[in-house]
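Reader: Could you walk me through this one? I'd like to start with how you decide that two residues touch.

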Amino acid sequence: MDCLVVGCGLTGAVTARNLAEKGRKVTIWERREHIGGNMFDYVDEHGFLVQKYGPHTFHTKKKELYDYMCRFERWKPYKLICGAVWGGKYTPTPFNFTTIDVFYPHEQAEKLKRKLTEEFVGRPTATVTEVLKHQDSDIREYAEFLFRNDYAPYTAKQWGIPTGEIDSSVLSRVPLRFSYDKGYFDDTYEIMPENSFTSFFKNLLDHPNITVELGIEALKRLSLEKNRLLLDNAPLEIPIVYTGALDELFGCRFGRLPYRSLHFEWKYTQKESFQPAPVVAYPQEIGFTRITEYKKLPLQNGLGSSYAVEYPIPYIEGEATEPYYPVLTEHSQRLYACYRTLAEQIPNLICCGRLADFKYYNMDQALENALRVKVQS
Ligand SMILES: Cc1cc2nc3c(=O)[nH]c(=O)nc-3n(C[C@H](O)[C@H](O)[C@H](O)COP(=O)(O)OP(=O)(O)OC[C@H]3O[C@@H](n4cnc5c(N)ncnc54)[C@H](O)[C@@H]3O)c2cc1C
């Protein structure tokens, strides 16, 4: 081995492939029993392809990233449609003119849609924050209605905060559509694998210079001595690409980095269809935030339907929870900066990926960063 990669998610696997193609012998250690990190999917007992860690669709504006994905799997165009249900009514999300038709009496709906079209002429979307500040009271009230019924209770559950403490500033990037257009993302390439994400990973890792070892907790074999990494107590001179959490690498010596986790309740119905879209938010239900119905992500044939109910929960290390979303506060960023400073003092250590960078990355961002990783020769 002349390079060690910790973690076999998108970041670790792409980095390994890149290094392998440059002639390096790379070993990957992954503590889970499967490849693919949070993108791992598998066929469940009812015959549906499901995603173990929540719904993923690949989307990007960048052709070079799309082209990279195409080297290892056949993909099909897939436009993700999401929705929300409250008060027994369904609307697509991001909210659009259908939302207004569903929740407003006819005449009021027509008036509001006319006003929005005139006030935002030439603009297909605006952020909710912008609409909340609009001078027209009907327009403002529409945004407030959505905030009260959907965004505030959803965000409160997602982050474990009382609804009253949710500030509208959390919506700074959430779009509202001023048309009947549907679709969750507005990227040039929105795709799903023809086979599976796991088969993409199998092809990506299929290289004579790559060895993958599953079920290996790297931190049981790696240790630190001053600014040096040790492997089984002997100095490790080769480059190590680490895609795990930085606090764990340094024994949490400054304290834990805070994360939010998720619990999925897996269910099956004999009904042909459970809900109108593959991913539907239920902002006002107690405990859970959304439900993913996998036979629609993308369309699969099969009897009945498998779905996963998503409950946000606190992340507690060692309690069968996964660190999903970094909780970004001033304090957590300062804490992270302390760990990053320690990491930068270790010459052969390269930290990257959503955990090591303590950031939420979409897959295309994780991919782009992984393709930039360089190790010293
Ligand atoms: C619910 C959810 C839905 C998402 N949906 C989308 C979407 O629709 N579109 C999109 O673009 N992005 C989506 N994402 C983001 C996407 O999951 C990430 O961009 C991507 O998985 C990042 O890959 P990674 O390799 O950096 O991290 P990970 O996939 O987390 O991989 C890191 C790997 O390192 C392993 N590891 C960590 N520490 C150690 C250790 N000490 N020893 C050994 N192994 C270790 C972990 O087990 C893990 O397998 C979603 C994320 C979540 C949480």
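Author: Two residues count as in contact if their C-beta atoms, placed from the backbone, lie within 7 Å. Please keep in mind that this is a predicted model.

Reader: Fine, so which residues of H1 meet H10?

Author: On the H1 side they are Leu 10, Thr 11, Val 14, Thr 15 and Asn 18, and their partners in H10 are Met 363, Ala 366, Leu 367, Asn 369, Ala 370 and Leu 371. Sorted by class, this contact of H1 with H10 holds 7 nonpolar and 4 polar residues, with no charged ones.

Reader: And at roughly what angle do the axes of H1 and H10 cross?

Author: They cross at roughly 30°, with the axes coming within 9 Å, and the crossing in which H1 passes H10 is right-handed.

Reader: Switching to H7, which of its residues are buried?

Author: In H7, which spans residues 197-205, the buried ones are Phe 197, Thr 198, Phe 200, Phe 201, Leu 204 and Leu 205. These residues lie on the same side of H7, because they cover an arc of only 155° around the axis.

Reader: What covers those buried residues of H7?

Author: The cover includes helix H1 along with strands E3 (41-43), E11 (189-193) and E12 (210-214).

Reader: Now the ligand: which residues come nearest?

Author: Of the 34 residues around the ligand, the nearest are Gly 7, Gly 9, Gly 37, Gly 54 and Gly 244. The shell has 15 nonpolar, 13 polar and 6 charged residues, and H1, H10 and strand E2 (26-30) each supply at least two residues of that shell.

Methods
Residues numbered from 1 in each chain as written. Predicted model: local features only at pLDDT ≥ 70, side-chain atom pairs only at ≥ 80, totals over all residues. Buried ≥ 20, exposed ≤ 12 C-beta atoms within 10 Å, placed from the backbone. Helix = DSSP H or I, 4+ residues; strand = E, 2+ residues; numbered from the N terminus. Arc of directions from axis to C-beta. Axes fitted to C-alpha atoms, helices over the stretch in contact; angles between N-to-C directions. Left-handed = near helix turned anticlockwise from the far one by under 90°. Nonpolar A, V, L, I, M, F, W, Y, C, P; charged D, E, K, R; others polar. Near = placed C-beta within 6 Å.
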